[in-house]
Each structure stands twice: as C-alpha cells, then as structure tokens.
Amino acid sequence: MELDRLLRPVVTGMGYALWGLEYRVQGRSALLRLFIDAPQGVTLDDCAAVSDQVSGVLDVEDPIPVPYRLEVSSPGLDRLLFEPAHYERYQGEEVRVRTAWPVEGQRNFRGVIRSVGEDSVELEVDGRRVCLPLEAVTRARLVPRPGQ
C-alpha cells in the first residue's frame, strides 16, 4: 500500500497508468515489479524512463529495508489482474486464477469472467458458475485470444 501511494503519482505524472505492482521478499533481498500501461502501448524506452524516475524516488524515500531489484514492464497480453476494476474491464474474457485456499474443492481455475462484485468475481468454468472471493485470489491472469 505504501509503495503504491508513493509511486502511483510518479508514474501517472509521467503520463502512464500504474496497472499494478508486485513486491516479493526473496531471502535477504526483494523484487519490486511495476506494470505500466498507456493507450498507445508501452515501449522499452518508456519502461526505462519510468524506472529512472521511480529509482530516484525510492532512493530518497527509502521505503524498502532490504536490497532490492526494480523491474518496470508493460502488463502484456496475458496481464495480471490486480483490482476489481481490472476484472470489470475484462468481463467476458478468459482468465486463469489461483486461490490461497480451496474454493469448491480446487485452487486453480480457468474460466470466463461473468460478473464482478465489490469483493468477489464470478467465473464460468466448464459450464458452471464459480464465485471466488477476491481476498482468496493470489494470482489472476488474462488468457490471450488466439491471434492477439
């Protein structure tokens, strides 16, 4: 939350959307990955420019207590979904979802987003509807359509 609050204004001030971020501690170091988006798409130069600006802010604010690696990239065609608005934007699209605990006896789902609530998403999986609490979702990723 603090990283989002700190970095979102930097990214949006440069004309990009902060699609999402991942922060993972890996032993004695960490990985901070930012996904940026723009209507015209994102180039390698865009990622480098955002990385430079974000690095400066992180150096000054020092919010990460361990050595870390910063990565900036586009969300890609198989983009991760981070928040309810992302699921809403892709209703009718196919996704792969992993949950922290079993829902209806399973943790991995592949289905079409049918509806999104404040705290849940409903998928159609093999002809049946499955309601997943968003708090249970550890990873959700779009499945690109053939030819995209």
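**Exercises: a sheet, its helices and a pocket**

Helix H1 (residues 2-13) lies across S1 and S2, at about 140 degrees to S1. This is a predicted model, where local features need pLDDT of at least 70, side-chain atom pairs count only at pLDDT 80 or more, and totals for chains, interfaces and linings use all residues. Residues are numbered from 1 along each chain as its sequence is written, and side-chain values use heavy atoms, with hydrogens and water left out.

**Exercise 1.** Work out the strand order of the open sheet, and find which strands stand at its edges.

*Solution.*
- Step 1: Grab the terms. Helices (H or I, at least four residues) and strands (E, at least two) are DSSP runs numbered from the N terminus; two strands pair if DSSP finds at least two bridges between them.
- Step 2: Three strands line up as S1-S2-S3, with mixed pairing.
- Step 3: S1 (17-26) and S3 (68-73) each have a single partner strand, so they are the edges, and one side of each lacks a neighbour in the sheet.

**Exercise 2.** Describe how S2 and S3 pair, then place helix H2.

*Solution.*
- Step 1: S2 (residues 29-37) and S3 run parallel over six bridges.
- Step 2: H2 (residues 44-61) packs on the sheet and touches S2 and S3; contact means heavy atoms within 4.5 Å.
- Step 3: The direction of H2 makes about 145 degrees with that of S3. Angles run from 0 to 180 degrees between N-to-C directions, using axes fitted to C-alpha atoms, for helices over the stretch in contact.
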